[in-house]
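User: Could you take one part of this model and look at it closely, setting it against its surroundings and explaining the reasoning behind each assignment as you go?

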Amino acid sequence: MRRKAAAARGLSRPRAGGSSAAPAGGGPAAGEPQAPGPEAAPPEPPRLADPQPGRLRAAVRRTLPEPGPQRLLAGASFAVTVGGGMLAGTTMLYLTRIVGMSAVRVGLGLTVGAVLGLVFGPYIGHLADRRGPREVHVATMLCGVAATAGFAVARTFWVLVLVSLLTTAVGSAGQASRAPLIRALAGADTTAYLAYQRAITNVAIMAGVLIGTVGIQLDSGPVYVGLILAAAGTFLAAALILTRLPHVPPLPADPAHSRWAALTDRPYLAVTLINGGMSLHLAVPTFALPLWIVENTSAPRAAITGIMLVNGVLVVALQVRVSRGVTDPRTAGLRMRWAGGALLAASVLIGAMSGLAWWSALLVLLAATVVYTFGELWQAAASFELAFGLARPHLQGQYAGVFGLGAGGANAAAPAVLAAVCLDHGQAGWWALGVLLLGCGALTPRAVAWAEATRGRAAAPV
């Protein structure tokens, strides 16, 4: 159609040398044969290459959120996540190889600080609900600059605990204070917007990891410090982007609910706990599976990088599409059930790798990675909807802070749990993990029905 339109425009344009622009020196007499001039030339055929940039731009526009607040909010998240990717691996190496702490002390310090820092989420979320989420979120990002830069000066165990506490507090507070902004600015389909944000988050993590890899290869103190400060700078970039968002006034408080309703909402707490149990699987590809491959299978070590790449590409490509069917808490509960089944299947496949020939182990690993990724995608889409769809709108920040406690607690506990269950007990441990995840998925629809019953109807995002 574009080519036909272009050809039609070419036929309708005034031709050079036509009757409206006769030659100044006169032309051939009437009736004399005329040599073919520019006006007699056939119209220039449309160029095939011209529409391509337009098509590319249209594809990019379909991928990105609408220009304006949605794109700005996503850009701020992208910037911070790049910084997180830069710190992955580099912080541990800096503290052990340059500062001289033992790996055990570093791991313990990070874990203790992370557990303590989680409690800030509900309180900062409540502050965002009552004072305005944009201002609180900007302030949180500015705190992130100082907290992240603290890794560069951590020289003792207790300073490391403090820095870990502050960075975790910034993370949980950032999630909680961003939630009211998302509810107000993301449009009617909050789940679709969050799915898009998760897809670009994976792109940002991969970009940050690639940058951090340069520092790991150079392996020097100044380079590590430079990466830490650059990661701190991403929080400043996010804060600057967020200042361009419009002010979002707090929603009026509902006198029918207590000030700390999220902390006493038992159905919501049950959903939070179940989602936290399900979130244990997030440490499988980054912690348990690499160790399992190296210590218990004949698969080549290069497969570790391969599965992370396959998982990341699938998440980027499919998260938005997989999330389209999740439109309310009920469908979210069903997707969580699907996720439990997929994660059980993936756990069984991972356990079955032990004792196989390397090529068989590699094929089983690929199948397990694909099945696992679909479980991850379904669980992510469901958790987006549950976090927002079951929350009281005027307390969205507080509810998001509480919901983050489940996933945050799972993130802190997952290495110890997976090591004790899967790595110490082998195939039986992987089966046990799969059954636990299947059980969490099966319980979710019941917890959702309980939550909806206490509200009279599902709380739809606004």
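Analyst: Of the 462 residues in the protein chain, 46% count as buried, and since this is a predicted model, that share, like every other value below, is computed from the predicted coordinates. The chain holds 17 helices and 0 strands. If we take the contacts between residues at least 6 apart in sequence, 85% of them join residues that are at least 24 apart.

The part I would single out is helix H12, which runs over residues 266–278. Its length can be checked directly: at 1.5 Å a residue its 13 residues should span 18 Å, and the end C-alpha atoms are indeed 18 Å apart, so the expected and the modelled span agree. The residues of H12 that count as buried are Pro 267, Tyr 268, Val 271, Thr 272, Ile 274, Asn 275, Gly 276, Gly 277 and Met 278, and they pack against helix H15 (329–352), helix H16 (358–389) and helix H17.

Within H12, Asn 275 deserves a closer look. With a relative accessible area of 3%, Asn 275 is buried, because the cut-off for that class is under 20%. Once residues up to four places away in sequence are set aside, Asn 275 touches Met 336, Gln 379, Ser 383 and Phe 403. Of these partners, Met 336 falls within the range of H15, while Gln 379 and Ser 383 fall within that of H16, and Phe 403 falls within residues 396–455, the range of H17.

That last neighbour, H17, should not be pictured as a straight rod. A straight helix of 60 residues would span 88 Å at 1.5 Å a residue, whereas H17 spans only 15 Å between its end C-alpha atoms. The chain of H17 contains a kink of about 150 degrees, centred on Gly 426.

For comparison, helix H8 (residues 157–185) can be put through the corresponding check. Its 29 residues should span 42 Å at 1.5 Å a residue, and its end C-alpha atoms lie 41 Å apart, so this span agrees with expectation. H8 nevertheless bends by about 25 degrees at Ala 179, with a proline, Pro 180, following within four residues, and beyond the helix comes Gly 187, whose phi is positive, near 90 degrees.

Pro 180 also appears in the surroundings of helix H6 (residues 120–131), where Ala 128 is placed. Ala 128 is in contact with Pro 133, Val 136, Ser 177 and Pro 180 when neighbours within four places in sequence are left aside. At a relative accessible area of 0%, Ala 128 is buried, and its C-alpha atom is separated by 7.8 Å from that of Pro 250, although their positions lie 122 residues apart along the chain.

Two packed helices are described by the angle between their axes and the distance between the axes. Helix H9 (residues 190–218) and helix H14 (residues 302–323) show how this works here, with axes that come within 8 Å and cross at roughly 175 degrees. Angles over 145 degrees count as roughly antiparallel, and H9 and H14 are therefore roughly antiparallel to each other. On the H9 side the contact is made by Thr 191, Ala 195, Tyr 196, Arg 198, Ala 199, Asn 202, Val 203 and Met 206, and on the H14 side by Gly 312, Val 315, Val 316, Gln 319, Val 320 and Ser 323. The residues of this contact divide into 8 nonpolar, 5 polar and 1 charged.

H9 also contains Ala 207, which counts as partly exposed at 30% relative accessibility; Ala 207 and Gly 83 are 124 residues apart in sequence, yet 9.2 Å apart in space from C-alpha to C-alpha. In the loop between H9 and helix H10 (221–242) lies Asp 219, which is partly exposed with a relative accessible area of 26%. Most residues other than glycine have a negative phi. Asp 219 has a positive phi of about 50 degrees although it is not a glycine.

In H10 itself, Val 223 is partly exposed, at a relative accessible area of 25%. Val 223 contacts Gly 215 and Leu 218, neighbours within four places in sequence being left aside, and its C-alpha atom lies 9.8 Å from that of Thr 90, which is 133 residues away in sequence.

Conventions
Residues are numbered from 1 along each chain as its sequence is written. This is a predicted model: local features need pLDDT of at least 70, side-chain atom pairs count only at pLDDT 80 or more; totals for chains, interfaces and linings use all residues. Side-chain values use heavy atoms; hydrogens and water are left out. Helices (H or I, at least four residues) and strands (E, at least two) are DSSP runs, numbered from the N terminus. The expected span of a helix is 1.5 Å times one less than its number of residues. The bend at a residue is the angle between axes fitted to the seven residues ending there and the seven starting there. Axes are lines fitted to C-alpha atoms, for helices over the stretch in contact, and angles run from 0 to 180 degrees between N-to-C directions. Angles under 35 degrees count as roughly parallel, over 145 as roughly antiparallel, 65 to 115 as roughly perpendicular and the rest as oblique. Contact means heavy atoms within 4.5 Å. Ala, Val, Leu, Ile, Met, Phe, Trp, Tyr, Cys and Pro count as nonpolar, Asp, Glu, Lys and Arg as charged, and the others, Gly among them, as polar. Buried means under 20% relative accessible area, exposed over 50%, partly exposed in between (1.4 Å probe, protein chains only).
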